[in-house]
Structure formats: C-alpha cells, structure tokens
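Here is a friendly walk through one model, with a small hairpin and a pocket as the main stops. Please keep the viewer open as you read.

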Amino acid sequence: IIIPRLIELCNKINYKLIIRVMMPMVMRGLQVPYNKVKFIALDCAREARLCNVKFGSCCDPITPEGKPVMRALDCYIYARDKNKEIEYINAFASLVWGEGVDFGTNHGIERVLHRAGLSWDEAKSYLQQPHIESQWRKITSDNREYIYSRGLWGVPCIKCDDLIVWGQDKLWKIEEYIINKNK
C-alpha cells in the first residue's frame with residue numbers, strides 16, 4: 001500500500017528510494033496470533049481505502065512451505081541485478097495484494113515481471129543460478145538485524161536521514177520532516 005506513495009514522494013523531492021526486503025514475520029519465527037493477522041489485514045484495507053490503492057483481491061504468498069515468498073525473493077535478486085527492484089516490488093505488491101495474482105505459479109511470476117519491465121524468459125535461466133538463495137537470505141538477515149537494532153520488528157519501516165518511523169500511516173511524518181528540512 002505504501003510503495004506507490006513512497007515512489008511518488010521520492011520522485012517529487014528527487015530522493016533515492018531504497019527498499020530493504022524482509023521475510024514475513026511468520027517466516028522469521030515470530031508468533032502471529034490470528035487476531036493480529038486479522039488486524040493487519042483490516043488495517044491494510046483501511047489504509048488502502050484512504051489512499052485509493054487497490055487492495056483486498058489478494059493471493060497471499062505466505063504459505064506453510066513458503067515457496068511463493070522464496071520465489072519472490074529469488075526474483076527480487078534478478079530485478080535488483082537489472083536495476084529494477086523498485087519497479088519489481090511495486091508490481092509484486094499491486095498484483096499480488098491488489099489483483100489476486102498467484103505468485104506461486106509461473107504465470108503469476110511472469111505477470112509481475114512483465115509489469116516491472118522484466119523478461120520472464122530471461123529470468124527463468126537467471127533464476128537457475130545456485131547463488132540466488134544465499135544472496136537473498138543474507139540480505140533479509142542483514143535487514144532484519146538492521147531494524148531490530150533500531151527497536152523495530154516489522155514493515156514498513158521508513159527512514160529519512162536519522163528519522164525512522166514504522167507503519168504506512170506514518171508517512172506524513174517523513175513528509176513533514178522533509179518540508180521542515182528544506183525550509
């Protein structure tokens with residue numbers, strides 16, 4: 001939900017957007033009770049309505065075995081190496097969480113890559129490389145430690161200079177900080 005707004009903000013102020021990918025909470029060993037899962041979904045739906053972002057017709061990539069999430073991270077490495085990680089993350093979020101595209105299928109992956117301006121045919125051979133998983137495992141581990149060291153635990157965490165906020169509903173704090181900084 002926040003990705004398009006972050007892209008727009010960063011483009012408006014000519015600021016480089018860096019997204020640190022993370023494993024979902026349940027895949028990091030955090031216990032997430034059903035009530036918390038329900039709250040997260042309802043809160044995301046509320047924020048999406050407020051921001052006029054398509055959300056709700058989703059195909060949750062978090063499965064018991066985690067394969068769609070791991071495939072998403074494999075593709076993230078491909079997109080990053082093509083300097084298209086922002087486009088990829090935006091496409092993934094909007095298609096999976098807003099249009100119900102199943103990233104557990106090759107057709108779903110192809111749709112996301114296509115929207116991000118990437119080639120599925122090229123990605124298929126790229127993703128066969130043995131180093132892909134070790135790369136994203138290191139990246140997600142480093143990113144997890146980064147947010148934990150700052151007293152945070154989930155996404156989205158947004159950082160601008162020394163200001164760090166958590167939650168999509170806190171983007172206004174970043175905007176306010178930038179406006180005051182540029183006065």
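Which residue in E2 does Cys157 stand opposite? The partner of Cys157 in E2 is Trp166.

Before going further, a word on the source: this is a predicted model, in which local features need pLDDT of at least 70 and side-chain atom pairs count only at pLDDT 80 or more, while totals for chains, interfaces and linings use all residues. Residues are numbered from 1 along each chain as its sequence is written, and side-chain values use heavy atoms, with hydrogens and water left out.

**Confidence**

The pLDDT is the predictor's confidence in each residue, from 0 to 100. The protein chain averages 83, and 90% of the residues score at least 70. The two extremes among the elements are tabulated here; helices (H or I, at least four residues) and strands (E, at least two) are DSSP runs, numbered from the N terminus.

| Element | Residues | Mean pLDDT |
|---|---|---|
| helix H2, lowest | 34-51 | 73 |
| helix H5, highest | 106-115 | 95 |

**The hairpin**

Strands E1 (residues 157-160) and E2 (residues 163-166) pair in the antiparallel sense over four bridges; pairing requires that DSSP finds at least two bridges between two strands. Lys159 of E1 stands opposite Ile164 in E2. Two residues lie between the strands, and Asp161 takes a positive phi near 60° in this hairpin.

In a regular strand the side chains alternate between the two faces of the sheet. For E1, Ile158 and Cys160 form the covered face, and Cys157 and Lys159 the uncovered one. Buried means under 20% relative accessible area, exposed over 50%, and partly exposed in between (1.4 Å probe, protein chains only). Cys160 counts as buried because its relative accessibility is 3%, whereas Cys157, at 27%, counts as partly exposed. Cys160 is in no disulfide, and the nearest cysteine sulfur, that of Cys10, is 8.0 Å away. With a disulfide taken as a pair of cysteine sulfur atoms within 2.5 Å, the count comes to zero.

**The second largest pocket**

This pocket is lined by 18 residues, with Lys16, Leu17, Ile18, Glu85 and Ile86 nearest its centre. Helices H1 (2-13), H3 (67-81), H4 (85-98) and H7 (132-148) are the elements that each give two or more residues to the lining.

Conventions:
On a 1 Å grid over the protein atoms alone, a cavity is a set of points where a 1.4 Å probe fits but cannot get out, and a pocket is an open set with protein on both sides within 12 Å along at least five of seven lines; lining residues have an atom within 4 Å of a point.
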